[in-house]
Amino acid sequence: MAELPEELRNRPPRPAGQEPTATLTLDAYTRLRSELEELTISGRDTIAERIKAAREHGDIRENADYDAAKNEQGHNEARIRQIQEILLTAIVVEGSSGDVVAPGTIVEVRMDGDTEPTSYLVGSIEERHDTLEVLSTSSPLGQALLGRAPGETISYDGPRRTFAVEIVSVRPASAS
């Protein structure tokens with residue numbers, strides 16, 4: 001695994017009974033850390049400038065610019081709190097070696113009745129990828145695939161029926 005940031009190396013253990021908010025790869029953790037810095041520094045400054053400019057228009061009781069800026073400020077602060085909570089309690093994992101489906105892997109599956117396989121990045125809803133959809137480890141399909149190997153066919157219950165899924169391949173996400 002790549003060198004962990006200092007805040008991860010020195011993070012106190014999670015209190016007993018506290019569930020992790022997410023299972024993240026180090027890449028996702030680093031991306032979220034950067035997003036948090038962006039929101040807390042330039043995001044807050046930009047919104048403060050918009051609020052200041054809107055106040056200069058006069059009465060704020062009927063000022064759409066002011067209302068929009070305050071609304072944006074609320075969304076920004078909510079996202080800051082969300083990211084802080086994720087970073088504080090998330091489990092950071094090294095991508096799997098590609099032997100089995102795990103967070104940080106790309107799995108190629110053939111769904112029941114499909115001829116072409118579909119590829120997913122397995123991880124948290126906070127993961128991002130340029131070309132692949134993210135398959136959450138907490139989703140029914142994600143849970144059914146975890147720990148499974150290429151060549152296996154699994155089934156999982158969807159909202160209306162049971163699906164059969166063949167695991168075509170698994171590889172580390174860092175190799176993509």
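Two strands count as paired if DSSP finds at least two bridges between them. I start there because the strands come first today, and pairing by that rule is what I mean throughout. What you have in front of you is a predicted model.

Confidence, briefly. The protein has an average pLDDT of 86, and 95% of the residues score at least 70. The lowest confidence is in helix H1, residues 6–9, with a mean of 78. Helix H3 has the highest, at 93.

Now strand S3, residues 105–111. It pairs with strand S7, residues 162–172, in the antiparallel sense, over seven bridges. If you want one position to look at, take glutamate 108 in S3, whose bridge partner in S7 is serine 169. S3 also runs antiparallel to strand S4, residues 118–123, and four bridges join them. Here one of the partnerships is valine 109 with threonine 118 in S4.

S3 and S4 make a hairpin, with six residues between the two strands. In that turn, glycine 113 has a positive phi of about 90°.

Is S3 enclosed or open to the outside? Five of its seven residues are buried, so the strand is largely enclosed by the rest of the structure. For that count, buried means under 20% relative accessible area.

On to the charged side chains. Side chains of opposite charge can pair when their charged atoms come close. How many salt bridges does a search of the whole structure find? Seven. I will go through some of them.

The first on my list is within helix H2, residues 26–55. Arginine 31 and glutamate 35 form a salt bridge there, at 3.8 Å from N to O. They are four residues apart, about one turn of the helix. Arginine 31 counts as partly exposed because its relative accessibility is 25%. Glutamate 35 is also partly exposed, with a relative accessible area of 24%.

Next, glutamate 72 and arginine 50. Their closest N and O atoms are 1.8 Å apart in this salt bridge. Glutamate 72 is in helix H3 and arginine 50 is in helix H2, so this pair ties together parts that are 22 residues apart in sequence. Glutamate 72 has a relative accessible area of 33%, so it is partly exposed. Arginine 50, at 37% relative accessibility, is partly exposed as well.

Another salt bridge joins arginine 148 and glutamate 152, with the closest N and O atoms 3.1 Å apart. Arginine 148 is at 32% relative accessibility and therefore partly exposed. Glutamate 152, with a relative accessible area of 29%, is partly exposed too.

Last, arginine 79. This residue sits in helix H3, residues 64–89. Why does arginine 79 count as buried? Its relative accessibility is 17%, and the cut-off for buried is under 20%.

What is around arginine 79? Leaving aside neighbours within four places in sequence, arginine 79 is in contact with Leu32, Glu35, Leu39, Glu126 and Arg128. Its side chain also makes a polar contact of 2.6 Å with the side chain of glutamine 82.

That brings back the H2 pair. Arg31, Glu35 and Arg79 are linked in a network of salt bridges. Within that network, arginine 79 is buried, while arginine 31 is partly exposed and glutamate 35 is partly exposed. That is where I stop.

Key:
Residues numbered from 1 in each chain as written. Predicted model: local features only at pLDDT ≥ 70, side-chain atom pairs only at ≥ 80, totals over all residues. Heavy atoms only, no water. Buried < 20%, exposed > 50% of the residue type's maximum accessible area, 1.4 Å probe, protein only. Polar contact = N/O pair within 3.5 Å; in protein donor to acceptor, adjacent residues only side chain to side chain. Contact = heavy atoms within 4.5 Å. pLDDT = per-residue confidence, 0-100. Salt bridge = Lys/Arg side-chain N within 4 Å of Asp/Glu carboxyl O.
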